[in-house]
Amino acid sequence: MTLIFPNRSRSFDEARKGVRFTGYDGMFEVRFLVEEAALGGTITQNSSEAAYLNAFDAARSSIQEAASRAYQHRRGNNFTLTAADFR
């Protein structure tokens with residue numbers, strides 16, 4: 001099956017300083033966290049929740065592509081995307 005992202009919701013994870021979102025492989029939910037460094041140079045430790053979510057929204061398509069690549073390499077249900085996943 002293919003990983004899809006029908007739900008556009010995402011949430012800020014203050015403890016991990018990143019943005020969480022989900023994808024689906026059939027009926028299976030796959031959870032992702034995009035780390036701060038992967039969201040781009042405009043995000044800093046002092047950035048607001050809105051800044052994190054806006055950065056995610058601006059890069060949504062490339063984030064979803066990186067998520068799909070990570071999922072294809074190692075099927076699982078929980079992934080952390082780092083800056084290295086976007087190279």
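Two strands count as paired here if DSSP finds at least two bridges between them. Keep that cut-off at hand for the exercises below, which all concern a predicted model.

**Exercise 1. Work out which strands pair with β3, and in which sense.**

Step 1. Start with β2, residues 11-13. Three bridges join β2 to β3, and the two run antiparallel. One contact point to look up on screen is Phe12, whose bridge partner in β3 is Val19.

Step 2. Move to β1, residues 3-4. This strand is joined to β3 by two bridges, again antiparallel, and Ile4 has Tyr24 of β3 as its bridge partner.

Step 3. Now take β4, residues 28-35. Here eight bridges connect β3 and β4 in the antiparallel sense. Tyr24 turns up once more, standing opposite Glu29 in β4.

Step 4. Collect the results: β3 pairs antiparallel with β1, with β2 and with β4.

**Exercise 2. Find the residue with a positive phi in each of the two hairpins that involve β3.**

Step 1. The hairpin of β2 and β3 has four residues between its strands. In this hairpin Lys17 takes a positive phi near 55 degrees.

Step 2. The hairpin of β3 and β4 has two residues between its strands. There, Gly26 is the residue to pick, with a positive phi near 65 degrees.

**Exercise 3. Place β5 relative to β4.**

Step 1. Locate β5 at residues 78-81.

Step 2. Count the bridges: β4 and β5 pair over four of them, in the parallel sense.

Step 3. Check one position by eye: Leu33 stands opposite Thr80 in β5.

**Exercise 4. Decide how the buried residues of helix α1 are arranged around its axis, and what they pack against.**

Step 1. List the buried residues of α1, which covers residues 49-58: Tyr52, Leu53, Ala55 and Phe56.

Step 2. Look down the axis of α1. The buried residues fall within an arc of 160 degrees, so they line one face of the helix.

Step 3. Ask what these residues meet. They pack against β2, β3, β4 and α2, the last of these being residues 60-73.

Step 4. Look at β3 from the point of view of cover. Six of its eight residues are buried, so to speak of this strand as mostly covered is fair.

**Exercise 5. Classify two of the aromatic pairs by the angle between their ring planes.**

Step 1. A search of the whole structure finds seven aromatic pairs. The cut-offs needed are these: planes under 30 degrees apart count as stacked, over 60 as edge-to-face and the rest as tilted.

Step 2. For Phe21 and Phe56, the ring centres lie 5.2 Å apart and the planes are at 55 degrees, so this pair is tilted. Phe21 belongs to strand β3 and Phe56 to helix α1, 35 residues apart, and the pair thus links distant parts of the chain. Both residues are buried.

Step 3. For Phe32 and Phe79, the centres are 5.3 Å apart with the planes at 20 degrees, so the pair is stacked. This pair also links distant parts of the chain, with Phe32 in strand β4 and Phe79 in strand β5, 47 residues apart.

Step 4. Check burial against the cut-off of under 20% relative accessible area. Phe32, at 1% relative accessibility, counts as buried, and Phe79 counts as buried at 6%.

Step 5. Put the rings together: one aromatic cluster is formed by Phe5, Phe21, Phe32, Phe56, Tyr71 and Phe79.

**Exercise 6. Describe the whole chain, from its pattern of elements to its compactness.**

Step 1. Count two helices and five strands, which follow the pattern β-β-β-β-α-α-β along the sequence.

Step 2. Compare sizes. The radius of gyration is 12 Å, close to the 12 Å that the globule rule gives for 87 residues, so the chain is as compact as a globular protein of that length. Along its principal axes the C-alpha trace spans about 40 × 25 × 20 Å.

Step 3. Turn to burial and surface. Buried residues make up 38% of the 87 residues. The chain exposes about 5,200 Å², of which carbon and sulfur atoms supply 48%.

Step 4. Finish with the contacts: among those with a separation of 6 or more, 47% come from residues 24 or more positions apart.

Definitions and conventions
Residues numbered from 1 in each chain as written. Predicted model: local features only at pLDDT ≥ 70, side-chain atom pairs only at ≥ 80, totals over all residues. Heavy atoms only, no water. Buried < 20%, exposed > 50% of the residue type's maximum accessible area, 1.4 Å probe, protein only. Arc of directions from axis to C-beta. Contact = heavy atoms within 4.5 Å. Phe/Tyr/Trp six-rings, centres within 6.5 Å; stacked < 30°, edge-to-face > 60°. Rg over C-alpha atoms; globule rule 2.2 N^0.38 Å. Areas by Shrake-Rupley, 256 points an atom, 1.4 Å probe, with all protein chains shown as cover.
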